[in-house]
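Here is a protein with DNA to read together. Each question asks how a word is earned, and each answer checks a value against a rule.

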2 protein chains.
Amino acid sequence: MISIKDVARQAGVAISTVSKVLNHYPNVSEETREKVNKAVEELNFLPNSVAAALSSKQAGRVALLVNLSKKTQVVGEIDLQYIQGAINKAMELNLDVITLFFSMFQNRTLEEMIRYLKSQSITGIIIYGLTREEETLLELIDSSQFKCVIIDAPIVNENTSCVGIDNLRAQYDVARKTIEENNCKKVLYITGKKNGYVTDERLHGMEELTKELGLTMMVCDGSFSELRSRNITLKYGKDNDVVVCASDLMAIGAMKALTEMDIFRPVCGFDGIILMGYVGKQMNTVRQNFAEISAMAMEELQRLMSGGKGRRVGTAYTLARMKYMDIIC
Amino acid sequence: MISIKDVARQAGVAISTVSKVLNHYPNVSEETREKVNKAVEELNFLPNSVAAALSSKQAGRVALLVNLSKKTQVVGEIDLQYIQGAINKAMELNLDVITLFFSMFQNRTLEEMIRYLKSQSITGIIIYGLTREEETLLELIDSSQFKCVIIDAPIVNENTSCVGIDNLRAQYDVARKTIEENNCKKVLYITGKKNGYVTDERLHGMEELTKELGLTMMVCDGSFSELRSRNITLKYGKDNDVVVCASDLMAIGAMKALTEMDIFRPVCGFDGIILMGYVGKQMNTVRQNFAEISAMAMEELQRLMSGGKGRRVGTAYTLARMKYMDIIC
DNA sequence: TTGTAGGCGTTATCAT
DNA sequence: ATGATAACGCCTACAA
């Protein structure tokens, strides 16, 4: 394997000089910079990231902490896009990434988690799918041992940023659109998990909307479960004239229930997953670009790791309908 | 951060002795072994994997090379299970993992790929979704620079193993079941991509079956595309009395087409993805446990990395029907 | 059986 | 502006 040493020899300079050029240090003459770059080209040199990680305490590695939604069986779509977006961006930024799942830390203490992450030279973490139930993770964030970026949970401090859409607004928007299109008065709102951060925000969006339009609203805990949403709809669907769901999966469950009951009620979902295109009926939904959000999170993490302070980063969304013929190819 | 040095001091032995205990070397007295382990416990020591990777040339890291199926829009389910299965097993085996995607190496030469992987201290690779079109990857495997495990492609050599089900048999089985259940004579077979390894194997399964049962078979290239399958079915579905597809997605496309044409034909798919449960009609399919397959691949890779020779590893499958009420919760 | 010392490829701190 | 040199944490001959 060809190393920085070879480059140094080839360029006729010291190892440390090569390192400086590689890392864009200021005090290097244009002349040597060129010599070194030429040698790098000639030798096709690529720095060993493992050695770099070991040596420098600042250019650490980042961990993706993914909460695989096993609860719903439709695994994958969102999480994979998160992972992909993050990894691609990381490669662009020259950051090392390892992917981890919540389940790996199931019964671990805070100290064990920290130890493990440190043993991997992790200095930055992106967390996907955090809920209030993950107490140890919340402590981890609080511990300030790592730079963190949280997706879709409003946690911000010195070392922690959050990125995500404005859930309140988005829920308001998609529900309003659906309600106005169908001239509804009584809305059945099926929420996400009790302890989910987005759950509250979205609910507030509905509260604002129903108050503003003078609607009545029945709120049921769907826990992001397609089955629960289905049962709730079977029970209360008929008595309301629109079903607003805090997730697409729940919207699908609701729609399937309505179809079975052979009654029509407009339904809207949240997230814009491809699966929505398969259920026949078109529904309004909030569409997010998960890969892009994740890429932004990675950029934000890099900012934090190089000294930036935690902050809130907003991402975009659109209202959409997923049509079968659009999504297949 | 607490290091091997601290453990050595605490145990009153030399650093190298600690290392020996940690790595289960033979020549260590029971007494010192206990002293060291006690110190490890007390200090909650966890070895730094980055340093280990840098130091030892043998305990390298492994890369997951995933071919994200962008062609079909239903991304995720299979790939994510692969990733999850591999990472979980790797953690168990104490192996470092990084996840990469084919797209990252789109226009890269063999040398560039090798350089990159070496710069990451990669010594083992698991490849998911390989086709004959990935020429550079095939060269990479041939180069013998890394230990490789290929999923679902019959490539075996000194440093390369493959793991996967018997595609010929599985295709034969699921088709036979469907055909016998419905007493069919004329089968429309929609294949996967021309250059996919499994495509041929599955086709051979069909050839064996149709010959054995004396059926007529019409073979169309579906390229794993739901849309193509749909169009093929629209065109030829009526003239045949069963549609056998080399993937679930294509089975769904075929079924949707049949439904639109308002005719019934039994359809069977391949893979057992959750999505199958959403399309209403139940279809036979071959169910694979992707996470488990991937875990086996990781174990096989470890075997290779510790000196084992390449070989073929078979995995299990079952025939199943995906029912909506079974898959939601 | 145990310890010493050199090396893995970088980065970072000093002199120069 | 450049170059020695000491870390970084661990592994592994080799020596004791």
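Q: What makes the pair formed by K20(B) and a base oxygen of DNA strand C a polar contact?
A: A polar side-chain atom of K20(B) lies 2.8 Å from that base oxygen. A polar contact is a pair of N or O atoms within 3.5 Å; within protein, one must be able to donate a hydrogen and the other to accept it, and residues adjacent in sequence count only if both atoms are side-chain atoms. The value of 2.8 Å is within 3.5 Å, so the pair qualifies. This is a predicted model: local features need pLDDT of at least 70, side-chain atom pairs need pLDDT 80 or more, totals for chains, interfaces and linings use all residues, and side-chain values use heavy atoms, without hydrogens and water. Residues are numbered from 1 along each chain as its sequence is written, chains are lettered from A, and ligands are numbered from 1 in the order written.

Q: Which other side chains make polar contacts with DNA strand C?
A: S16(B) has a side-chain N or O atom 3.0 Å from a base oxygen. S19(A) places a polar side-chain atom 2.8 Å from a phosphate oxygen.

Q: Which elements give two or more residues to the surface near DNA strand C?
A: They are α2 and α4 of chain A, together with α2 and α4 of chain B. Helices are DSSP runs of H or I with at least four residues, strands are runs of E with at least two, and both are numbered from the N terminus.

Q: What makes a residue count as near DNA strand C?
A: One of its heavy atoms must lie within 4 Å of the strand. There are 26 residues around DNA strand C, and I4(A), Y25(A), S55(A), S16(B) and T32(B) come nearest. Of the strand's atoms within 4 Å of the protein, 58% belong to sugar or phosphate, and the rest to bases.

Q: How are the residues near DNA strand C divided by class?
A: There are 12 nonpolar, 13 polar and one charged. Ala, Val, Leu, Ile, Met, Phe, Trp, Tyr, Cys and Pro count as nonpolar; Asp, Glu, Lys and Arg count as charged; the others, Gly among them, count as polar.

Q: Which residues are closest to DNA strand D?
A: K20(A), N27(A), I4(B), Y25(B) and S55(B) are the closest of the 24 that surround it. By class, this surface has 10 nonpolar, 13 polar and one charged residues. Sugar or phosphate accounts for 64% of the strand's atoms within 4 Å of the protein.

Q: How do you know that N27(A) makes a polar contact with DNA strand D?
A: A polar side-chain atom of N27(A) is 2.6 Å from a phosphate oxygen. That value passes the distance rule for a polar contact. Backbone N or O atoms also approach phosphate oxygens of this strand: S29(A) at 3.0 Å, and N48(B) at 2.9 Å.

Q: Why are α8(A) and α9(A) called oblique to each other?
A: Their axes cross at roughly 45° and come within 7 Å. Axes are lines fitted to C-alpha atoms, for helices over the stretch in contact, and angles run from 0 to 180 degrees between N-to-C directions. Under 35 degrees is roughly parallel, over 145 roughly antiparallel, 65 to 115 roughly perpendicular, and the rest oblique. The angle fits none of the named ranges, so the pair is oblique.
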